[in-house]
Amino acid sequence: MIANIVRPGNHTYGVLKHLFEQGRSNEHTDQHIVASWDDFIPNPGPWDSPGHRQRLGQLANALDLRVEQAGDKAPAGHVWHCSIRAAPQDRILTDAEWAAIARRVLHATGIAPDGDPDGCRWVAVRHAEDHIHIVATKVRGDLRQPRNWNDYRRAMNELTAIEEDFGLTRVARGPEAAAGTSAVKRSTRAEEEKAKRLGHDKTARERLRHTVRTALSHAKDLDEFFNLLADASLQVETRTLPSGELQGYKVALPDDGTPIWYSGSSLAADLSLPQIRQRLAAAETHTIPSASTAWRRRPSPWHQATAAAERIPHHLDHADNHIAQAHLTVFSEVLYALPAHAPLHLRGELQRAALAFEHAAHTRARVDHQQARALRGALKGMRYQPADHTGLAMLLDVAILVVVGAQRRSALRHHDRQVAAARQALVHLQAAYDQIAPNSLAALARHRPTDGTVLRYARILHEVLPSYAERILAETAWPALSAALATAEAAGHDPATVLHHAARQRPMYDAKSASEVLVWRIQRLGERRVPGPGARAAQARSSHTQTAPQTGAGVPATYTPPPSHTGRSR
């Protein structure tokens with residue numbers, strides 16, 4: 001729940017008139033009083049009901065009675081106006097519940113303490129399902145002013161208890177609020193109404209923010225960033241200091257008539273020029289290879305991005321907040337970059353995933369942009385190598401893990417809005433993965449080895465992963481897994497060792513398909529250079545110290561699942 005206490009006014013009738021009117025866009029419905037200081041006061045009812053104006057005047061006069069009695073002793077701004085809004089995902093509260101909430105807030109703020117016959121006069125008005133307005137006049141029965149200092153802080157503290165008591169969404173407050181508050185700036189009502197009039201499903205602010213984030217995900221420096229904004233047909237203006245140093249920028253839509261400009265910071269706190277500079281500077285440590293030759297000598301940037309993203313859940317669980325936030329920020333950039341590389345039929349889902357996840361990833365918490373450099377470097381390299389279906393499916397598989405990790409992290413901190421945003425992103429990522437994975441796995445399965453080799457791999461699977469072997473052999477991705485093992489073996493890798501490392505480095509106990517988990521991991525492991533005798537000896541010693549003794553010649557120790565705990569949903 002969120003409380004908003006507006007600046008004190010002195011026109012009681014005007015405030016009540018606004019609350020009982022139909023609203024600018026007829027959004028006010030079933031206007032009525034849910035609670036008040038006196039159960040017998042007149043209820044004006046909806047604006048078009050018979051006798052509405054007369055009852056509204058009577059209510060205003062009753063609220064102002066003590067103000068008139070106090071005369072010159074009454075405060076200049078005698079109207080106290082507080083709105084209380086439930087979260088979008090909360091259930092619809094009854095009038096009785098809203099009445100109880102209003103009384104608790106009035107008691108906490110000192111406007112009308114429980115059991116105080118001289119408390120201020122007040123009414124709680126409901127004209128929508130998700131919020132109420134409390135209007136009080138700040139003169140007590142003894143004609144003194146109420147002791148309502150720090151009323152906003154007191155109201156928010158009481159709302160924390162109310163959320164707990166009523167089972168509502170918990171909103172981060174106090175020291176944790178920065179980490180749980182989205183850096184994304186919300187559109188105003190005027191912007192929403194304009195978008196509706198023009199037939200747009202997004203406001204100008206939202207459309208600009210999406211374009212700026214997409215450009216940032218592809219840019220390697222500021223010049224390219226501004227060029228990409230211009231290529232997207234945005235109007236761009238920059239501000240320069242007398243010294244020639246760039247101070248800021250602003251953007252506007254090309255089809256907006258008279259341009260309405262938005263600075264980067266008005267789109268989102270992390271899109272200000274200083275923040276963008278820090279993010280681009282963090283990527284400059286990575287040398288971007290040329291398109292013609294460099295990637296012949298380097299692993300696929302898509303595989304590098306997948307490997308880097310795969311480590312993000314660990315950072316989310318164990319790293320400091322500013323480090324975890326850096327990984328989420330770069331991962332969000334990856335999501336914004338994916339639609340440009342994806343097949344046409346996947347772009348809609350990927351764009352919706354990126355839009356949803358930005359509310360989970362971008363908060364006001366401090367970010368150390370020097371972290372997550374491996375993923376940022378891979379992101380900049382992805383532009384030089386088009387994605388094949390396998391590389392994209394592999395990255396989406398890991399992306400689902402990251403979003404689940406972000407959702408779990410937000411839930412532990414009671415950042416319910418971030419949880420909801422991650423959940424929404426997860427739906428779109430899963431839909432995109434489900435569309436592309438079958439074709440990618442089928443393409444791999446076409447390179448399935450001979451039946452004899454497949455039987456040999458099945459025996460190795462039983463030795464290395466006895467707890468999962470029968471399940472994996474029955475899954476539809478087993479042919480693709482046997483093909484991935486054959487490719488790795490052809491490159492000089494030992495199938496048992498590769499299988500063991502894939503199982504150890506990627507959990508499978510809560511995976512929808514264990515064979516798919518192994519396919520993508522072995523695809524990446526197979527790209528690595530085959531270790532020499534010394535490296536293999538070191539690996540053997542490492543495996544011996546980290547796992548149980550080996551079960552057979554040349555076969556690593558069996559992999560057993562860890563204890564169950566909350567994990568990914570796939």
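## Five strands and their helices

Helix H3 (residues 95-109) lies across S2, S3, S4 and S5, and runs at about 45° to S2. Keep in mind that what you're looking at is a predicted model. Helix H1 (residues 12-20) also lies across S2, strand S3 (79-85), S4 and strand S5 (131-137), this time running at about 165° to S5.

The sheet under discussion is an open one of five strands, ordered S1-S3-S5-S4-S2, with antiparallel pairing. At its edges sit strand S1 (2-5) and S2, each of which pairs on one side only. On average, neighbouring strands here are turned by 25° against each other, if you ignore direction.

## A closer look at S2

Is edge strand S2 enclosed or open to the outside? Five of the five residues of S2 (residues 32-36) are buried, so the strand is largely enclosed by the rest of the structure. Its partner is strand S4 (residues 121-126), and the two pair in the antiparallel sense over four bridges. If you want a spot to find by eye, go to Ser36, which stands opposite Val123 in S4.

## The three-stranded sheet

Further along the chain, three strands make up another open sheet, in the order S6-S7-S8, again with antiparallel pairing. Strand S6 (235-240) and strand S8 (262-263) are the edge strands, each pairing on one side only. S6 and strand S7 (residues 246-252) are joined in the antiparallel sense by six bridges, and Arg239 has Gly248 in S7 as its bridge partner.

Which helices pack on this sheet? One is helix H7 (residues 204-218), which touches S7 and S8 and has a direction making about 125° with that of S7. Helix H8 (residues 222-231) packs on the sheet too, but touches S6 and S7, and its direction makes about 15° with that of S7.

## Nonpolar cores

Nonpolar side chains tend to be buried together in soluble globular proteins. In this model the largest nonpolar core has 84 residues, and the members touching the most others are Leu338, Phe357, Leu465, Leu518 and Ile522. Helix H17 (residues 389-412) gives this core its largest share, 12 residues. A second, separate core has 30 residues, among them Ile101, Ile134, Ala136 and Phe166.

Take Leu518 as an example. Setting aside neighbours within four places in sequence, Leu518 is in contact with Leu465, Ile472, Leu481, Leu499, Ala502, Ala503 and Met508.

## Two more buried spots

Ser513 belongs to the loop between helix H22 (495-505) and helix H23 (514-525). Buried or exposed? Ser513 has a relative accessible area of 12%, and the cut-off for buried is under 20%, so Ser513 counts as buried. Apart from neighbours within four places in sequence, Ser513 is in contact with Arg471, Glu475 and Ala477.

Helix H16 (residues 373-382) is mostly covered as well, with eight of its 10 residues buried. The buried set isn't just nonpolar names to tick off: it includes Arg376 and Lys380, along with Leu375, Gly377, Ala378, Leu379, Gly381 and Met382.

## The whole chain

Stepping back, the protein has 24 helices and eight strands, and 51% of its 570 residues count as buried. Counting contacts between residues at least 6 apart in sequence, 73% join residues at least 24 apart. The protein exposes about 26,600 Å², with carbon and sulfur atoms supplying 51% of that area.

Definitions and conventions: Residues are numbered from 1 along each chain as its sequence is written. This is a predicted model: local features need pLDDT of at least 70, side-chain atom pairs count only at pLDDT 80 or more; totals for chains, interfaces and linings use all residues. Side-chain values use heavy atoms; hydrogens and water are left out. Buried means under 20% relative accessible area, exposed over 50%, partly exposed in between (1.4 Å probe, protein chains only). Contact means heavy atoms within 4.5 Å. Accessible areas come from the Shrake-Rupley method with a 1.4 Å probe; for residues, only the protein chains shown count as cover. A nonpolar core is a set of buried Ala, Val, Leu, Ile, Met, Phe, Trp, Tyr and Cys residues joined through side-chain atoms within 4.5 Å. Two strands pair if DSSP finds at least two bridges between them. Axes are lines fitted to C-alpha atoms, for helices over the stretch in contact, and angles run from 0 to 180 degrees between N-to-C directions.
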